Amino acid sequence: MATVSVQFRYLTGLKRKIFRNARILGSWDPTGRFSQNCSETHMADVTAEDGCPGFTATIRFEESEVGKTFQWSVRLSTLSIADVSGVPTEVNDANKADRVRAFQLRPAGSDTQVEEYYFTYARRLGARKVFARGRSGKPGLRFAVWAPNAQQVEVVFGDPANGYIADDGNGIDPSRPPVPMATGTDGIWETAIIPDFAALEGLSYMYRVKNAQGRTVYRTDIFSRQQIGRGTQNPRGGHWGGGPSSLDGTKSCSLVVSLDTVSQALVPPPGQPVIRIPEGDFWAHEFSPGLPVPSRIEDMVIYELHIGALGFGKARPGNLEDAMALLEHLSDLGVNAVELLPMSEFSGIGWGYGDSHHFVIESTAGGRDQYKHFVRECHRRGIAVIQDVVYNHFDPDADRAEWAYDSDTPEQNIYYWYEGKSSDYSSPDEGYLDNGSTGFTPRFWEEMVRHVFVSSAAAFIEESHVDGLRVDLTQAMHRDNVLHADGRSVGSANQFGAKTLREWSRTLRLIKPTAMLIAEDHSEWDKVTQLPEAGGLGFDATWYAAFCHNLIGDSDMAGGRARLLKSVGYGDDRPLDMSQFASVLYDSKHNKIVYHESHDEAGNSGGSMRTMPCAANGAALIGAARAYAEARSRVAFGLSLFSAGTPMFFMAEEIGAQKPYRYDTFMANREDIAGERAGNGAQLFRFYQDAIRFSRRHSAVRVRNIDIIHVNNDGRVVAFRRSAGSDELLVVASLNNRVFDGYVIQTDPWRLPDGEWRELFNSGAAIYGGDNVGNDGADLPAGTGRIQIRIPANAFVILQKT
């Protein structure tokens, strides 16, 4: 009987061989339907044309089955899992989470039918290095771009001295002719292979697109790995007379770069050629003996860092060179994780929450090579790197990037979700979706758009070696999508937003099972931290804003929370709602990132300010006011650090930062971290240093167990126990302005073990600027759930059971 052959290809897009033993299974099984119990066919190992590992198998079908639709999937082994699905992508149906691919069998022809699955698109699109079969000879270059509505696409090269191509074509390098592209499957346009990649490396380019309406537009490469612009200026389609150094990277030409090499030096010597070394050589000495990098959420003490807010005293935003210089300070401080505000390419000077090129490291910060140097140096110091990423919207000024990429018609705006047709609305913008962020909702129902987010995350983890990712405002993706016209909820967008996050977390777990995945999610939806197999989104932990609002409470968003620090800042003896705070303190055990200060609450949200000014109700921080502010700030940090969550704090808190940190004025309000550490902030820094080191020495602090054994609203006291095996700690904190002599804590006997409890830490010690009132390291007896203790004013003490 005549047969038809189909070749299946599974392509990873990642250079490291992390998969093996791949098997294909499909609905051609004798059962006639697809299931994970279908018979399997071994797939042969191959090296794909992108130089990455892949797998292939050929299946023969009876000719009578031509026209039928079949489903298929791949199972494989990873470095840590013996048998797992290798397809994290779900079917493109809002109501289904099946992970299968589908194809229709075509009649036999001159070419064998090929069905491909790309695990990541990290090397599928963009300016790609392409190897010949067998990898003999020099690699070539192939451009590929997704533009499903375009009538014609070409690659045009820019003048490297200019870096920009105007709407009329000014800026095109006349010495290099355009390269035509041909459309293929899935709306992807590709060039033929151009010989000798090395000879073309460093060229600047754009795509010249004849869009759906026949208008010629110039577009950057969304899958670019580097933009030539390193400034903030936007020519807005006009002629550009400047150079790349002042040109905004989001609007500038993309660059042809190799993903297989890294600059040997952080900053190459002026006038000298850049020496590039193989990736493998660069990462060969990534870690230091005796300085392990944390790989569990519970083990981290996180320093939230905005690199752009470094560079005190300089006329430019902070950059990765400044961040490298800060690492000695962070090592001294004792933190073992740093969380970076977004580093993907964004327009202008800002926080970075809204990106245009998710595979590009922000050019003004130093670019991808310097970013890798920073990650490597962090790892050498035992510091994990958590990277903020943003998927709920694109850069609000996405001209030349996502906006209207290949069509002027809103419903064909391929990177943005649009409901219905533009003719359905009185204004075309009404068909887009809002979600509480600062831009329209991405088109999550489009698999290619989901892959922009998934594959760029894979590149962060695999290529840049980051240890985890924090996703901005995830409820905007899975809960808050509404029609711009009337605010009605669009359920399918929420479902596809959740689908995006499930695919994202599955992919990253396959690449790096220890990747630490954090969601900024304020929905309290329990599915956020459940496994995708259980219908969850797959995160390890969520930001816990309620903790901050109860503990600090200066933000207008704190509403009816306890607002402890805000209240004590008034200086009187009013009772505090310690009971409400105790509730969130207890809930910190449920996979939470807790913080007393983050970038959102340090002056940007209404009413908020830095911790020190808040603790004194905005009074000038001199004399007694500063002493009170520091003491209360020490308590705030201690309650976060010794909670059952993973503690995080915003940059410069450790030296008593006072200036408001806002998205539009941070350049004018940068803190002199080094100067304050040596001056007014020296004692506070010492406190942070000792408290962090104490927390890292005690296993009781690095587990989720917590028991609130005492709460006193009138006295402003809370006491809680942390325990892990033989390590038993009792934390007693007071925000009272008076010392308690002989304070009695009485609880159930089983909640406070009998025996001696020794004071090990006192935030009111003289070395931290306190009054040196406490228990002098004494052993205090406890029995039948009762202990008597001296509690310093505005301080906390920690006791350990001996």
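This briefing covers a closed barrel and the two largest pockets of a predicted model. Local features need pLDDT of at least 70, side-chain atom pairs count only at pLDDT 80 or more, and totals for chains, interfaces and linings use all residues. Residues are numbered from 1 along each chain as its sequence is written, and side-chain values use heavy atoms, with hydrogens and water left out.

**Barrel**
- Eight strands (DSSP runs of E, at least two residues, numbered from the N terminus) form a closed barrel in the order β21-β22-β25-β27-β29-β30-β31-β32, with parallel pairing (at least two DSSP bridges between two strands).
- From one strand to the next, the twist averages 30° (axes are lines fitted to C-alpha atoms, for helices over the stretch in contact; angles run from 0 to 180 degrees between N-to-C directions).
- Helix α4 (residues 367-380; helices are DSSP runs of H or I, at least four residues) packs on the sheet and touches β22 and β25 (contact: heavy atoms within 4.5 Å), its direction making about 140° with that of β25.

**Largest pocket**
- The volume is about 1400 Å³ (the space filled by probe spheres set on grid points joined across faces, edges and corners).
- A pocket is an open set of points on a 1 Å grid over the protein atoms alone, where a 1.4 Å probe fits, with protein on both sides within 12 Å along at least five of seven lines; lining residues have an atom within 4 Å of a point.
- Of the 49 lining residues, Arg9, Leu11, Glu116, Tyr118 and Arg124 lie nearest the centre.
- Strand β9 (residues 113-118) supplies the largest share of the lining, six residues.

**Second largest pocket**
- Its volume is about 870 Å³.
- Among its 36 lining residues, Trp351, Asp472, Glu520, His599 and Asp600 are the closest to the centre.
- Helix α8 (residues 545-551) gives the most to this lining, with three residues.
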